[in-house]
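Open the model in your viewer and keep the sequence panel beside it. The stops below are given in the order in which to select them.

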Amino acid sequence: MTTDDTSATTAGTDPAERPFSLVIGVTPSPAERLRLTELLDGVAPLLIVADLDELRELINPGVDVGPAPVADSATAAGTGPDGALVIDAGRSTARWGDREVALTRLERDLLTCLTTEPVRVWSYAELHHAVWHDAPTRRRSDVQSLVKRLRRKLDGLGTGVTVVAVRDVGLRLTDHRRPRVRGD
C-alpha cells in the first residue's frame, strides 16, 4: 500500500492555507492570451490580464495606489526639469505642476507613442496598431474618439500640450516644452 506524500503532509489543513503556484500573464493582445493559455495549459492556474492597471484592480480592488515616489528634485514640483508634462507610464498618469490625471491604458499608450523621440506625425494606422495591437478592425474613429478624450484630460491639466491633426497624414503632439515620459 502506498501513501501519497502530498495528502499525508496536508491532511487536516485548510486548502486555502496551502501554498500554490499561480502564473500571471499581462498582455493586451488576444492572440498572445490564447498563445499563453495553450503554452501553459495544465502547468498551474493562469490569470491573464490586459495591463498592469487591471492586475492592480484585481489584487487591491478599489484601492488608490497614491502618488509615486519622486525620483529627483527636478521633478519635485510635479513637472519635468523644464516645466514639461510628466507622463508616468507605470502608474498611468499625466502630471502638470500640482495637477494629476489618471489615464486609461489606451490613453497612456497613445500619449506614449506621441511623445516617443523623435516627436513626429503618426498615421492613424500606426497609432491604431501601437495602441490596439492585434485588434481585428482598424477604424479611424477609434483613434479620433480616444484623441478627443485625451485632449480633454490634457486641457483639464492646464498644459499647453495637445494632439493636433495633420491633414491627410495623421496626428502629432504639440508643445514647445517637449513633453517627457517617465516610467515603463
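Is E107 buried or exposed? Select E107 and show its surroundings: E107 is buried, with a relative accessible area of 1%. Here buried means under 20% relative accessible area, exposed means over 50%, and partly exposed lies in between, computed with a 1.4 Å probe on protein chains only.

Before going on, note that this is a predicted model, in which local features need pLDDT of at least 70 and side-chain atom pairs count only at pLDDT 80 or more, while totals for chains, interfaces and linings use all residues. Residues are numbered from 1 along each chain as its sequence is written, and side-chain values use heavy atoms, with hydrogens and water left out.

**Stop 1: salt bridges**

Keep E107 selected and add K153. These two form a salt bridge, with the closest N and O atoms 2.7 Å apart. The term stands for a side-chain nitrogen of Lys or Arg within 4 Å of a carboxyl oxygen of Asp or Glu. The pair links distant parts of the chain, since K153 lies in helix 6 and E107 in helix 4, 46 residues apart. Helices (H or I, at least four residues) and strands (E, at least two) are DSSP runs, numbered from the N terminus. Unlike buried E107, K153 is partly exposed, at 24% relative accessible area.

Next, select R120 and E126. Their side chains meet in a salt bridge of 3.2 Å, N to O. R120 is partly exposed at 33%, and E126 is partly exposed at 34%.

Then move to R91 and D88, whose side chains form a salt bridge at 4.0 Å, N to O. Both R91 and D88 are buried. Add R95 and E100 to the selection: salt bridges with shared partners join D88, R91, R95 and E100 into one network. Across the whole structure, a search finds 8 salt bridges.

**Stop 2: the nonpolar core**

Select L85, L110 and L127. Which core do they belong to? They are members of the largest nonpolar core, which has 25 residues, and they touch the most other members. A nonpolar core is a set of buried Ala, Val, Leu, Ile, Met, Phe, Trp, Tyr and Cys residues joined through side-chain atoms within 4.5 Å.

Now colour the elements that supply at least two residues each to this core: strand 4 (93-96), helix 4 (105-115), helix 5 (124-132), helix 6 (140-157) and strand 7 (170-174). Helix 6 gives the largest share, 6 residues.

**Stop 3: strands 6 and 7**

Stay on strand 7, where 4 of the 5 residues are buried. Add strand 6 (residues 162-166), which pairs with strand 7 in the antiparallel sense over 5 bridges. Two strands count as paired if DSSP finds at least two bridges between them. To see one bridge, pick A165, whose partner in strand 7 is L171.

**Stop 4: two residues with positive phi**

Most residues other than glycine have a negative phi. Select D168, in the loop between strand 6 and strand 7. The hairpin of these strands has 3 residues between them, and D168 takes a positive phi near 60° there. D168 counts as exposed, at 76% relative accessibility.

Finish on S92, in the loop between strand 3 (86-88) and strand 4. S92 is not a glycine, yet has a positive phi of about 60°. At 2% relative accessibility, S92 counts as buried.
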